[in-house]
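I opened my notebook to get to know this structure, one lookup at a time. Come along and check each entry against the picture.

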Amino acid sequence: MENKYWYGLLVFIVLSFIMRRISRGSSNKIETVSIERNIRLGKELVASGYLDYATPEDKDSLETEIITSFDIYDDEINKYIHIDAESLAEYNFDFFLPRLNEVLDNRGVKIEIELPTDYEQTNDIIVNGERINLYTQYDLKHNLIWETAANNFFERLNEILKSKGLNEQFYLLYGGNDLATLLLTNEQYRIIALYYKGNENEIPYLP
């Protein structure tokens, strides 16, 4: 009986060791495939023209960061802008408008915002000479103004970009005080959405 016990214990130890090696090998293989996939997507994003408007002297280092760690939000890339939905809904355009126009400047676009005299009653603003409604009284009553203002504002900005013949659109990212935007082509959006597949909070969305 004692010999059977030790024999069974030995078999258990050997099998456990083998299973750990198999599991570790499988895990390493998955990790290697994941790293290779991420590098491939980073290279695809660079090839798509993601750095076309980047600060020239920083392009090499920015390319390395995108390929190795998919860092796509650096200010020097000139695609990412922190907006803050609260600032937008409360007409605090000075919070983000200078940065927005800095990013748009080398694309030949400038955004000018005015407040009509009746904006407190209508919740309207004037963007590049065209009056738009940021949000309605219904939105105000139901605490929807942050989301609605962001969607209405960036829908108008995308119309302006289209009228200028640009192939980029403003995609929104996150929401609330963390609301940000990315200027993306359709192909760049596809690559980013693929990279963050399964992590929906990190995928930009059209207004």
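Which residue with a positive phi follows α7? I looked just past the helix and found G165, with a phi near 80°. A note to self before going on: this is a predicted model.

**Entry: helix α7**

I checked the length of α7, which covers residues 145-163. At 1.5 Å a residue, its 19 residues should span 27 Å, and the end C-alpha atoms are 27 Å apart, so the two agree. Next I asked which of its residues are buried, and I wrote down I145, T148, A149, A150, F153, F154, R156, L157, N158, I160 and L161.

**Entry: the cores**

In soluble globular proteins, nonpolar side chains tend to be buried together. With that in mind, I looked up the largest nonpolar core here and found 32 residues in it. The members that touch the most other members are L88, F93, L100, I111, I125, F153 and F170. I then looked for where the core comes from: α3 (85-89), α4 (97-105), β3 (124-127), α7 and β5 (169-173) each supply at least two residues. The largest share, 8 residues, comes from α7. I also found a second, separate core of 24 residues, which includes L62, I72, Y171 and I191.

**Entry: L100 and helix α4**

What does L100 touch, leaving aside its neighbours within four places in sequence? I found I81, I111, L157 and F170 in contact with it. L100 is one of the buried residues of α4, along with L97, R99, N101, V103 and L104. I followed these buried residues outward and saw them pack against β1 (80-82), β2 (113-114), α7, β5 and β6 (180-184).

**Entry: N78**

I picked N78, which sits in the loop between α2 (59-69) and β1. Is N78 buried or exposed? Its relative accessibility is 10%, and since buried means under 20%, N78 counts as buried. Leaving aside neighbours within four places in sequence, I listed its contacts as Y53, A54, T55, R99, V103, N106 and R107. Two of the names there, R99 and V103, I had already met as buried residues of α4.

**Entry: strand β6**

How many of the residues of β6 are buried? I counted 5 of the 5, so β6 is largely enclosed by the rest of the structure. In a regular strand the side chains alternate between the two faces of the sheet. I sorted β6 by side: A180, L182 and L184 are on one, T181 and L183 on the other, and both faces are covered.

Then I looked for its partners. β1 pairs with β6 in the antiparallel sense over 3 bridges, and I81 has T181 as its bridge partner. β5 also runs antiparallel to β6, joined to it by 5 bridges; here F170 is matched with L183. The hairpin of β5 and β6 has 6 residues between the strands, and in it I noted Y174, which takes a positive phi near 65°.

**Entry: the open sheet**

Last, I traced an open sheet of 3 strands, in the order β2-β3-β4, with antiparallel pairing. Which strands are at the edges? They are β2 and β4 (130-133), each of which pairs on one side only. Between β3 and β4 I found 4 bridges, and I marked V127 with its bridge partner E130 in β4.

Technical notes: Residues numbered from 1 in each chain as written. Predicted model: local features only at pLDDT ≥ 70, side-chain atom pairs only at ≥ 80, totals over all residues. Heavy atoms only, no water. Expected span 1.5 Å × (residues − 1). Buried < 20%, exposed > 50% of the residue type's maximum accessible area, 1.4 Å probe, protein only. Core = buried A, V, L, I, M, F, W, Y, C linked by side-chain atoms within 4.5 Å. Contact = heavy atoms within 4.5 Å. Pairing = 2+ DSSP bridges.
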